[in-house]
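Here are a few exercises to help you find your way around a new structure. Try each task yourself before reading the solution.

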Amino acid sequence: MAVLWLDDVNAGDLDLVGGKAASLGELTGAGLPVPPGFTVTAETYRTFIEEAGIDEELFAAVDVDPEDSAALRAAEERAAELILGTDIPDAVREEIVESYRQLGPDGEETFVAVRSSATAEDLPDASFAGQQETFLNVREEHLLERVKECWASLFTQRAIYYRQQQGFPHEDVDIAVVVQRMVDAEKSGVMFTSHPSTGDPQIIIEAAWGLGEAVVSGSVSPDNYVYDRAQGAVADVTVADKKTLMEKDPETGETVEREVAEDRRNERVLSDAEIESLVELGERVEDHYGEPQDVEWAIVGGEVFMLQSRPITTIAESASDADTDTADGDDESDGGATNSGGGGDDDENEDVLVQGLGSSPGVVSGAVRIVTKLDHLDQVQEGDILVTEMTMPDMVPAMKRAAGIVTDEGGMTSHAAIVSRELGVPAVVGTRTGTKQLENGRQITIDGDKGTVRAGADSEAEPAEEFEPVEAARPQTPVKPMTATEVKVNVSIPEAAERAAATGADGVGLLRIEHMVLTLGKTPERYIAEHGARAYQDELIEGIRTVADEFYPRPVRVRTIDAPTDEFRDLEGGDDEPAEHNPMLGWRGIRRSLDKPDVFQQELAAFDRIYEMGYDNVELMLPLVNDSDDIEGAKRQMREAGIDPEEHRWGVMIETPAAALQIEDLASAGIDFASFGTNDLTQYTLAVDRNNENVADRFDETHPAVLELIGQTIETCRELGVDTSICGQAGSKTEMVNFLVEEGISSISANIDAVRDVQHEVKRKEQRILLDSVR
Ligand code: PEP
Ligand code: MG
């Protein structure tokens with residue numbers, strides 16, 4: 001028999017049907033409403049390779065040096081060729097197809113999920129063994145091919161590498177395949193049979209319209225229902241504004257996102273009766289396994305289905321003694337039939353504890369370390385995930401030690417986002433509730449691309465590392481693309497200078513000095529009072545030189561200080577700072593410098609000394625100017641510090657609509673360049689706080705209003721012979737790069753991790769413009 005029905009298997013059948021199928025069989029056997037399905041057993045795979053006589057060649061082909069990546073690639077290809085190129089024996093084909101036909105109503109084509117179900121229970125970490133293949137919405141036409149692809153997933157490069165390295169014989173691993181009817185959910189979601197962090201006897205249900213992927217991936221805010229098990233009643237209902245839903249496109253069978261009809265957006269998804277049905281189901285499954293469960297469910301035509309159930313792994317140890325053994329006996333996180341789309345990456349979206357903005361790329365795992373006060377910083381150990389409301393500059397040493405960073409507040413241009421990118425530390429910002437929902441010591445995995453924080457450690461996560469090796473930043477093409485538009489890089493912490501220079505950037509478009517100052521732990525005033533003006537200058541010179549040396553003779557634009565008062569407040573001497581309601585609109589940038597000439601003079605003296613040392617690649621840049629009065633004031637200060645503005649290249653940031661609109665006035669004051677600080681220009685144009693996660697979705701640097709200000713400014717600057725540049729975060733975005741090159745900007749400064757892509761994008765755009773002009 002090539003196949004076994006889920007009705008006929010249980011948790012004990014791991015060897016025969018693999019962990020996933022065993023778990024689904026167990027639930028089916030317990031009378032829970034699991035969508036019907038069957039498994040193509042592990043034995044069937046084994047007989048297939050043996051009878052076709054490809055087994056020996058297959059195992060020989062994958063017996064390669066795991067450190068030889070070319071050999072690994074070739075091994076994966078050969079294994080796939082052997083498996084996909086061999087026909088499944090007729091009798092087996094018939095049995096699979098016949099079983100498939102029984103899954104749906106007569107004469108109608110049924111969509112099924114086809115997933116691999118590994119039997120390698122002996123592997124210490126089965127998830128490393130590959131076997132993660134998942135195909136959704138499969139029809140009869142592709143069924144057998146998909147089954148073979150699941151078999152071939154036993155020999156991905158990663159799986160081969162792992163087994164070779166562990167000395168685990170390839171011959172000892174088998175694979176089964178689950179084929180299960182898809183559920184076209186009208187509503188779906190997740191249910192925790194006990195509170196997922198405290199273990200309290202509450203059933204928490206999250207529900208949204210359509211397929212479950214929207215809830216699991218966090219792309220829609222679901223309704224939230226709390227059921228008090230002690231009282232036996234619904235205790236709390238929070239109806240969310242559900243803007244989108246996922247559903248199957250009837251034509252293509254693909255999962256697509258659609259807008260929810262206006263009248264259903266704020267409608268409650270679950271009736272009391274449906275909640276009762278789910279609760280009853282939740283209690284049964286918890287009873288069956290004897291521990292709290294995390295259940296994925298779906299409702300269609302009034303019928304409730306259970307798609308998957310796993311033990312809750314997020315309950316704090318003190319709150320529950322539930323351990324993390326998976327009920328399904330393997331480490332794979334995706335269990336039952338699925339109604340979620342996206343071809344397999346639903347695996348990664350499970351266990352999402354909190355969601356924010358992915359602000360520094362990379363996936364890492366580590367233990368949560370919540371930092372609320374400065375004096376807790378030393379508790380952050382190498383490899384921890386630093387979780388905090390918002391990072392402050394004095395947290396940089398701890399941020400360097402951390403494997404990853406999670407914040408409650410902040411957007412893509414916040415301190416945490418900027419610094420973590422430069423450190424090469426993955427980060428998720430703006431999770432709103434990270435510090436409340438994550439407990440100290442809990443293992444989590446953060447994804448700095450997707451913005452997710454998941455429970456547990458991920459074997460795929462990169463090992464924690466203070467800095468990405470310099471090699472990782474070096475352009476892979478031996479010669480970087482030559483572009484007419486210069487591509488530069490932003491630096492905020494001098495320690496990142498080497499990585500920044502290794503990108504092959506044409507210079508530094510923005511070197512922020514705030515971090516050099518704020519990491520002193522004292523306000524500039526206090527530092528100067530205690531250590532003297534010369535010592536303050538020395539600190540600045542050291543930081544600036546580190547970067548200027550690394551890039552010499554490429555130009556480095558060093559900006560004078562631009563920290564808002566709230567960032568100074570937590571430092572020694574911070575009590576003397578004014579308490580401002582709107583620090584972003586307050587005493588920062590050139591305003592403060594002009595009002596505090598004593599301190600500004602020391603900064604300028606540092607520039608003067610740098611010039612005297614021969615760093616003719618250093619260019620001075622003034623932040624947050626509005627008009628030529630600001631510039632004239634700064635020029636007076638420069639002269640007083642011994643700097644002749646005519647002798648050095650210097651310029652201003654364009655960060656306010658005023659500066660953009662006054663560009664002629666600014667140009668007449670003698671600037672060499674104007675650099676768009678789109679982080680501030682966007683916040684001041686749209687009146688959207690750049691650090692406020694509640695309005696993060698409205699922070700749009702490519703808003704037509706922002707683009708119009710930039711476009712006009714570039715045009716005027718070109719007429720007046722002033723160079724233009726961008727050094728805000730948007731310079732790393734493709735759409736902005738294309739716009740700026742089209743407009744004729746002189747240079748673009750990007751984040752370290754984006755330089756390479758921006759170089760290529762600029763090149764492409766320039767070539768397109770050239771081609772268009774000759775056609
Ligand atoms: C900007 O405003 O875009 C900018 C680069 O400056 P900062 O992010 O330091 O305010
Ligand atoms: Mg700014």
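Axes are lines fitted to C-alpha atoms, for helices over the stretch in contact, and angles run from 0 to 180 degrees between N-to-C directions. Keep in mind that this is a predicted model.

**Exercise 1: two helices**

Work out how helix 18 and helix 19 cross, and which residues meet there.

Step 1. Find helix 18 at residues 524-531 and helix 19 at residues 533-551. Their axes come within 6 Å and cross at roughly 125°.

Step 2. Now put a word to that angle. Angles over 145 degrees count as roughly antiparallel and 65 to 115 as roughly perpendicular. The angle here fits neither, so helix 18 is oblique to helix 19.

Step 3. Look at the side of helix 18, where Pro524, Tyr527, Ile528 and His531 take part. They meet Ala533, Ala535, Tyr536 and Glu539 of helix 19. Sorted by class, the contact has 6 nonpolar, 1 polar and 1 charged residues.

**Exercise 2: the open sheet**

Find the edge strands of the open sheet of 8 strands, then follow one of them to its partner.

Step 1. Write down the strand order, 14-21-20-16-17-18-19-15, and note that the pairing is mixed.

Step 2. Read off the ends: strand 14 (352-355) and strand 15 (357-360) each have a single partner strand, so one side of each is left without a neighbour in the sheet. On average, neighbouring strands here are turned by 30° against each other, direction ignored.

Step 3. Follow strand 15 to strand 19 (residues 427-429): the two pair in the antiparallel sense over 3 bridges. Leucine 357 has valine 429 of strand 19 as its bridge partner.

Step 4. Add the helix. Helix 13 (residues 415-423) lies across strand 15, strand 18 (404-407) and strand 19, and runs at about 45° to strand 15.

**Exercise 3: the barrel**

Describe how the 8 strands of the barrel are ordered and which helices lie across some of them.

Step 1. Going round, the order is 22-23-24-25-26-27-28-29, with parallel pairing.

Step 2. Zoom in on one pair: strand 23 (residues 508-511) is joined to strand 24 (residues 556-559) by 2 bridges. Leucine 511 stands opposite valine 558 in strand 24.

Step 3. Turn to the helices. Helix 23 (residues 628-640) lies across strand 25 (618-622) and strand 26, at about 145° to strand 26. Helix 29 (residues 755-774) lies across strand 22 (486-491) and strand 29 (747-750), at about 160° to strand 22.

**Exercise 4: the magnesium ion**

Which residues coordinate the magnesium ion, and are they buried or exposed?

Step 1. Glu655 (OE) and Asp680 (OD) coordinate the ion (ligand 2) at 2.0 Å.

Step 2. Place them in the chain: glutamate 655 is in the loop between strand 26 (650-654) and helix 24 (657-661), while aspartate 680 is in helix 26 (residues 678-686), 25 residues apart.

Step 3. Buried means under 20% relative accessible area. Glutamate 655 is at 2%, so it is buried, and aspartate 680, also with 2%, is buried.

**Exercise 5: backbone surprises**

Most residues other than glycine have a negative phi, and most peptide bonds are trans. Check how tyrosine 552 to proline 553 and asparagine 137 look.

Step 1. The bond from tyrosine 552 to proline 553 is cis, with omega near 5°. Proline 553 sits in the loop between helix 19 and strand 24.

Step 2. Asparagine 137 has a positive phi, near 50°. This asparagine belongs to strand 4 (residues 134-138).

Methods:
Residues are numbered from 1 along each chain as its sequence is written. Chains are lettered from A and ligands numbered from 1 in the order in which they are written. This is a predicted model: local features need pLDDT of at least 70, side-chain atom pairs count only at pLDDT 80 or more; totals for chains, interfaces and linings use all residues. Side-chain values use heavy atoms; hydrogens and water are left out. Two strands pair if DSSP finds at least two bridges between them. Helices (H or I, at least four residues) and strands (E, at least two) are DSSP runs, numbered from the N terminus. Contact means heavy atoms within 4.5 Å. Donors are N, O and S atoms within 2.8 Å of the metal (3.2 Å for Na, K and Ca); water is not among the atoms, so sites may look incomplete. Buried means under 20% relative accessible area, exposed over 50%, partly exposed in between (1.4 Å probe, protein chains only). Angles under 35 degrees count as roughly parallel, over 145 as roughly antiparallel, 65 to 115 as roughly perpendicular and the rest as oblique. Ala, Val, Leu, Ile, Met, Phe, Trp, Tyr, Cys and Pro count as nonpolar, Asp, Glu, Lys and Arg as charged, and the others, Gly among them, as polar.
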